[in-house]
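Let's take a walk through this structure together, one piece at a time. Keep the view open as you read, and turn it whenever a new element comes up.

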Amino acid sequence: MIQKRKIHNGEIDFGIGFDDQGQHSLNLTPIVKIDSLHVVAKSEHPIWLCPDPLTLEDIAEFDYMYLKCHGFNHRIDPLELYCQEKGHYLASIDHVCDLDDWYWHLMTMGSVSLATKPEGVIANNIPQISAKPLPMSEFTKLRKVMSLPIYSFFERDNPYRRYSEESKQIIITLIKNLFVTV
């Protein structure tokens, strides 16, 4: 999550985050739309014993935890909204505000979480954590109840930038490639 105040104050040059519908005076360039999610939990978590394909209802049976991101799920998480609309109940729900707490929660609290593709791939490379793609049919159910965010490049006006347009495009290309190649 970016700290827009730090960009305004010139403490950092730019940020990558979710667009929050223009609630700031920064320039933004859309980078990539979320088009898939991963289910993440400890490798020995009982969710992995559920028959394939995993469903949102399967996930709701376990303690659920999400990474709270401003501009996306800072008010309600898509799974929580889906369950409310369908009359399902989450076993429990909790949130954290940074990746370190997210990983710690997964490791110590036995939670299940949903993550973007790059986060899922990274989580899958952490010992004792597993991540599997959420089936597209289940992803579509989430997308029907809440639009999923677009990662955007946030920056100040051109006269205040300390980097070139070429540097900006390199960063944007790297972020796009992260979603395509992982």
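A good place to begin is strand 3 (residues 37-42), which is joined to strand 6 by 4 bridges, the two running antiparallel. If you want one residue pair to look at, pick V39: its bridge partner in strand 6 is L114. Before going further, please keep in mind that this is a predicted model.

Now widen the view to the sheet around that pair. Three strands make up an open sheet here, in the order 6-3-7, and the pairing is antiparallel. Which strands stand at the edges? They are strand 6 (113-116) and strand 7 (129-133); each has a single partner strand, so one side of each is left without a neighbour in the sheet. From one strand to the next, the twist averages 35 degrees.

Just ahead of strand 7 there is a backbone detail to stop at. Q128 lies in the loop between helix 5 (117-124) and strand 7. Although Q128 is not a glycine, its phi is positive, at about 75 degrees. Is Q128 buried, partly exposed or exposed? Its relative accessibility is 46%, and Q128 therefore counts as partly exposed.

Another backbone detail sits in the loop between strand 3 and helix 2 (56-60), where you will find P53. The peptide bond leading from D52 to P53 is cis, with omega near -5 degrees.

Next, turn to the other open sheet of 3 strands, which has the order 1-8-2 and antiparallel pairing. Its edge strands are strand 1 (14-18) and strand 2 (27-33), each of which pairs on one side only. The twist in this sheet averages 25 degrees from one strand to the next. Strand 1 pairs with strand 8 (residues 150-155) over 5 bridges in the antiparallel sense, and there you can see G15 standing opposite F154 in strand 8.

A short step back from strand 1 brings you to N9, in the loop between helix 1 (4-8) and that strand. N9 has 48% relative accessibility, which means that this residue counts as partly exposed. The side chains of N9 and E11 are joined by a polar contact of 3.3 Å. For a sense of distance, compare N9 with I150: they are 141 residues apart along the chain, and their C-alpha atoms are separated by 24 Å.

Strands 4 and 5 offer a parallel pairing. Strand 4 pairs with strand 5 (residues 92-96) in the parallel sense, over 5 bridges. Here M65 has D94 in strand 5 as its bridge partner. How many residues of strand 4 are buried? In strand 4 (residues 63-67), 4 of the 5 residues are buried, so this strand is largely enclosed by the rest of the structure.

Let's finish with a pair of helices. The axes of helix 3 (residues 78-86) and helix 6 (residues 136-145) come within 9 Å and cross at roughly 85 degrees. The two helices are therefore roughly perpendicular to each other. From helix 3, the residues that take part are P78, L79, L81, Y82 and E85, and they meet K141, L142 and V145 in helix 6. Sorted by class, this contact has 6 nonpolar and 2 charged residues, with no polar ones.

Key: Residues numbered from 1 in each chain as written. Predicted model: local features only at pLDDT ≥ 70, side-chain atom pairs only at ≥ 80, totals over all residues. Heavy atoms only, no water. Pairing = 2+ DSSP bridges. Axes fitted to C-alpha atoms, helices over the stretch in contact; angles between N-to-C directions. Parallel < 35°, antiparallel > 145°, perpendicular 65-115°, else oblique. Contact = heavy atoms within 4.5 Å. Nonpolar A, V, L, I, M, F, W, Y, C, P; charged D, E, K, R; others polar. Buried < 20%, exposed > 50% of the residue type's maximum accessible area, 1.4 Å probe, protein only. Polar contact = N/O pair within 3.5 Å; in protein donor to acceptor, adjacent residues only side chain to side chain.
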